[in-house]
Amino acid sequence: GKLYINEVYMFSVDKMYDILFTESQFMREFLEQRRFSDVVYHSWKKEDTGNQTREIMYTISLSNPLAPKTATVTETQTLHKASQVSECYIIDAEVITHDVPYHDYFYTLNRYMLTRVAKNKCRLRVSAELRYRKQPWGLVKGFIERNFWSGLDEYFRYLELELSKVQLVLSEPHKQS
Ligand code: YK8
């Protein structure tokens, strides 16, 4: 696995949850800029385990000459039952990229941990793992890994950048009228 974000933000943990895990303006604009389209959110469902899960479907555009121009994606998010409003949220996201070469070999597991630091301060920790469904041979494995990590690096670098901007907007002092 790889740790992508481990940062403290100057807004509440509930705000961070709203930004990342509801159909927020932030997420709408972010996905639009990343050229994600046909986004369909299904609602959260309670499982027997006490966790909640939901599915999100979307289409991504790719610029790799070896891949098709677009690919459909299914992201299954699990909100762990250990999560507590205003304290912490733990979300696992299993991401399946259909339509890309070797798509039947791998999927992605991302883990988001949102924790309260103070009333208007939270920590976001995001890590990602490449998981195999079947063992690829050496050449294919190298090929998948290069493309996989470069795609994820770019996505999370951009997410971190956009989140730091939110922080600036939200911490602007309110003008007195
Ligand atoms: C989620 C991991 C691999 C995939 C991609 C595969 C190319 C393979 C082609 C080679 C395009 C939003 C990625 C980056 C697409 C985007 C996925 C996102 C960023 C073999 C020729 C989508 C998080 C996420 C997880 C996995 C990412 C894919 O919230 O390289």
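How many bridges pair S7 with strand S8 (residues 121-132), and in which sense do they run? Twelve bridges join S7 and S8, and the sense is antiparallel. This is a predicted model. The report below starts from that pair of strands, follows the other pairings, and then turns to the ligand.

**Strands S6, S7 and S8**

S7 and S8 form a hairpin, with two residues between them. One bridge can be picked out by its residues: Arg111 has Ser127 in S8 as its partner. S7 also pairs with S6. That pairing is antiparallel too and has eight bridges. Here Tyr89 stands opposite Leu114 in S7. S7 thus takes part in pairings with S6 and with S8.

**Strands S2 to S5**

S4 is a partner in several pairings. It pairs with strand S2 (residues 36-41) in the antiparallel sense. Strand S3 (residues 45-46) is another antiparallel partner of S4. Strand S5 (residues 70-79) pairs with S4 in the antiparallel sense as well. The table gives the bridge count for each, with one facing pair of residues.

| Strand pair | Sense | Bridges | Facing residues |
|---|---|---|---|
| S2 and S4 | antiparallel | four bridges | Phe36 and Ile60 |
| S3 and S4 | antiparallel | two bridges | Lys46 and Gln52 |
| S4 and S5 | antiparallel | ten bridges | Gln52 and Leu79 |

Gln52 appears twice. It stands opposite Lys46 of S3 and opposite Leu79 in S5. S3 and S4 form a hairpin with five residues between the strands. In that hairpin, Gly50 takes a positive phi near 95 degrees.

In a regular strand, side chains alternate between the two faces of the sheet.

**The ligand site**

Where does the ligand sit? It occupies the largest pocket. A shell of 17 residues surrounds it. The closest are Tyr58, Leu62, Glu75, Thr108 and Asn147. The protein buries 94% of the 640 Å² that the ligand exposes when taken alone.

Which elements give two or more residues to this shell? They are strand S4 (52-61), strand S6 (88-97), strand S7 (106-118) and helix H3 (138-171). H3 provides the largest share, six residues. S4 and S7, met above as pairing strands, also belong to this group of contributors.

What is the make-up of the shell? Ten of its residues are nonpolar, six are polar and one is charged.

Two contacts involve oxygen atoms of the ligand. A side-chain N or O atom of Glu75 lies 2.8 Å from a ligand oxygen. For Asn147, the backbone supplies the N or O atom, and the distance to a ligand oxygen is 3.2 Å. Glu75 and Asn147 are also listed among the closest residues to the ligand.

Definitions and conventions
Residues numbered from 1 in each chain as written. Predicted model: local features only at pLDDT ≥ 70, side-chain atom pairs only at ≥ 80, totals over all residues. Heavy atoms only, no water. Near = heavy atom within 4 Å. Polar contact = N/O pair within 3.5 Å; in protein donor to acceptor, adjacent residues only side chain to side chain. Areas by Shrake-Rupley, 256 points an atom, 1.4 Å probe, with all protein chains shown as cover. 1 Å grid on protein atoms, 1.4 Å probe; cavity = no way out; pocket = protein on both sides within 12 Å on 5 of 7 lines; lining within 4 Å. Sits in = over half its atoms within 2 Å of the grid points. Nonpolar A, V, L, I, M, F, W, Y, C, P; charged D, E, K, R; others polar. Pairing = 2+ DSSP bridges.
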